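Thanks for coming, everyone. I'll put the structure up, and then walk through it region by region.

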Amino acid sequence: MNAPVDPATLYPADLSPRRFEDFAHVPGPLPARSRTLRTIRFLADPRKAINQLAEAYGPVFRRQDTFGWGVTLLGPEANELVLFNKDRIFSSKLGWDPVLELVFPNGLMMMDFDHHRMHRKTLSVAFKPAPMKAYLAGLNDGIARNIARWPADAPMKFYPAIKQLTLDLAAGSFLGLPWGPEAERINRAFTDMVLASVAIVRKPLPFTQMRRGVKGRAYLSRYFAAEIPNRRGREGDDFFTQFCNATDENGNLLTDQEIIDHMNFLMMAAHDTLTSSITSLVYYLGKNPEWQAKLTEEVDGVRARHGDSLPFDALGELELVEMAFKEALRLIPPVPMIPRRAIKDFEFGGYRIPAGAGVGVNPMYTHMMPEHWPDPERFDPLRFTTQMSANRHKYAWVPFGGGAHMCLGLHFAYMQAKAFFFRLLSERRIVLPDNYEGDFRMVPIPRPKDGLPVSLPRR
Ligand code: HEM
């Protein structure tokens, strides 16, 4: 589409300060004997670890992980500074690259500033109302087909079932493919890539997850490269075909490699986040039957007015479903932590932070701050009425990030969640085992450790 960006024009030549001495003036833990061990401990329960660090050091603290030293900034003001990025202090690319570069290079999140803006605008064509309407038709069919196969008289594990369902749907809406052995292979390659992105061993050595991830990337890249010529110049109601024909403001098409990188990235960005958030809401509706009843009543009203297949124009009528989904995203945000890297010195909370610092903001922590979310553990979708939302800091709820990199697929996410709960609650009840308490592993993307046992009897 356009010439590759020369990093020298975007980033200062020397972004070195990532040593302890550069952060000695910021509160926080001392250097660990083993950075890897410290990272493993942190990743085992990041919610607990962040709470402990915040309690010990306050809302700005230095931190050390496998990539070196940086700072964590907590709270809505920090989110606004970093995500809105008014003064172009923070690079998303340099923040995400250490995690994603080997398996998902050159996705939108790994681009900055004008280069990013241009690509984002080009891809936006695939998120306009006309293609979204077409995706919804596919989602409605796929969801109905899948749910019909779920047992009504025996317990099942919800998480693997919704993961499979989301992949099935993605084969249609992302790739324009029917579900089958090819989609299954894509799924495996792709799952390996996601796991590799958080692997502790960062080199693709034999038998490591990183190696499997790099191989998965090679497989998917070959698949896309072979398919691109068939999609150019064709119409199609899937993201892949849309990207093959999208043009930038100068009328240029994306190159094959750009399409491959955007597709790999898009599938990663969409898949586990949707799986995670729908699972969380199923869990909270199981725990809160009174809310389940309210949502079911709303769904019944929409069905009475529009029939069994949810039309695009009726999405706005599922108001309670939307508020409940937002509340689930608050309690268990699919992207619990968002990384950036400072490309200029900056100040926050009274501390001067040098250019080069890794900077993390933390939706998971912000979403539980009692000063913004009274009784934060309680599931209460009414926090998201228009009035309640208007009275809250704009960056107190950031499951989709904010600013230039705010999730491009958020309307797709709402749409799929609504289509799913519309169908599920039309037909089934959600019943959790007696006294069940969910336990979610928060990284890389939250999921229930036990797969979430659930019964879905017919209504
Ligand atoms: C509940 C589901 C989802 C959540 C919670 C979520 C969350 C996020 C977050 C937090 C970011 C910004 C990260 C950052 O600033 O560094 C992001 C970016 C992105 N998401 Fe989502 N996402 C979801 C679903 C989706 C879906 C379904 C798609 C595609 C259909 C998608 C596509 C993207 C893309 C392309 C970006 C990069 C945007 C950019 O850098 O300009 N996401 N998402």
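**R441 and its surroundings**

R441 counts as partly exposed, at 30% relative accessibility. For the cut-offs: buried is under 20% relative accessible area, exposed is over 50%, and partly exposed is in between, with a 1.4 Å probe and protein chains only.

Before going on, the ground rules. This is a predicted model, where local features need pLDDT of at least 70, side-chain atom pairs count only at pLDDT 80 or more, and totals for chains, interfaces and linings use all residues. Residues are numbered from 1 along each chain as its sequence is written, and side-chain values use heavy atoms, with hydrogens and water left out.

Back to R441. The residue sits in strand 9. Helices (H or I, at least four residues) and strands (E, at least two) are DSSP runs, numbered from the N terminus. Which residues does R441 touch, leaving aside its neighbours within four places in sequence? They are L43, A44, P446, R447 and K449. Contact here means heavy atoms within 4.5 Å.

The side chain of R441 also has a polar atom 3.4 Å from the backbone oxygen of V443. The rule for a polar contact is a pair of N or O atoms within 3.5 Å; within protein, one must be able to donate a hydrogen and the other to accept it, and residues adjacent in sequence count only if both atoms are side-chain atoms. For a long-range separation, take R441 and I143: 298 residues apart along the chain, with C-alpha atoms 26 Å apart.

**Backbone outliers**

Stay with V443. Its peptide bond to P444 is cis, with omega near 0 degrees. P444 lies in the loop between strand 9 (440–441) and strand 10 (447–448).

Why flag this? Most residues other than glycine have a negative phi, and most peptide bonds are trans.

Two residues go against the phi trend. N106 is not a glycine, yet has a positive phi of about 65 degrees. N106 lies in the loop between helix 5 (92–100) and helix 6 (113–123). Its relative accessible area is 37%, so N106 is partly exposed.

F207 also has a positive phi of about 65 degrees, and is not a glycine. F207 is in the loop between helix 9 (181–197) and helix 10 (209–231). Is F207 buried or exposed? Exposed, with a relative accessible area of 80%.

**The ligand site**

Now the ligand. Which protein atom is a donor to its iron? The only one is SG of C407, at 2.3 Å. Donors are N, O and S atoms within 2.8 Å of the metal (3.2 Å for Na, K and Ca); water is not among the atoms, so sites may look incomplete.

C407 sits in the loop between helix 16 (386–390) and helix 17 (410–427). At 29% relative accessibility, C407 is partly exposed.

How many residues surround the ligand? There are 29, and the closest are W96, H116, R120, H405 and C407. To be near the ligand, a residue needs one of its heavy atoms within 4 Å of it.

On polar pairs, an N or O atom in the side chain of H116 is 2.6 Å from an oxygen atom of the ligand. For the side chain of R340, the corresponding distance to a ligand oxygen is 2.7 Å. The elements giving two or more residues to the shell are helix 6, helix 12 (256–287), strand 5 (338–342) and helix 17. Helix 12 has the largest share, with 7 residues.

By class, the shell has 21 nonpolar, 6 polar and 2 charged residues. Ala, Val, Leu, Ile, Met, Phe, Trp, Tyr, Cys and Pro count as nonpolar, Asp, Glu, Lys and Arg as charged, and the others, Gly among them, as polar.

**Helices 5 and 6**

Two helices to finish. In helix 6, 8 of the 11 residues are buried, so the helix is largely enclosed by the rest of the structure. Among the buried ones are H116 and R120.

Helix 5 is mostly covered, with 7 of its 9 residues buried. W96 is one of them. The cover over those buried residues includes strand 3 (90–91), helix 9, helix 12 and strand 5. At the N-terminal end of helix 5, S91 acts as a cap: one of its side-chain oxygens lies 3.3 Å from the backbone nitrogen of K93.
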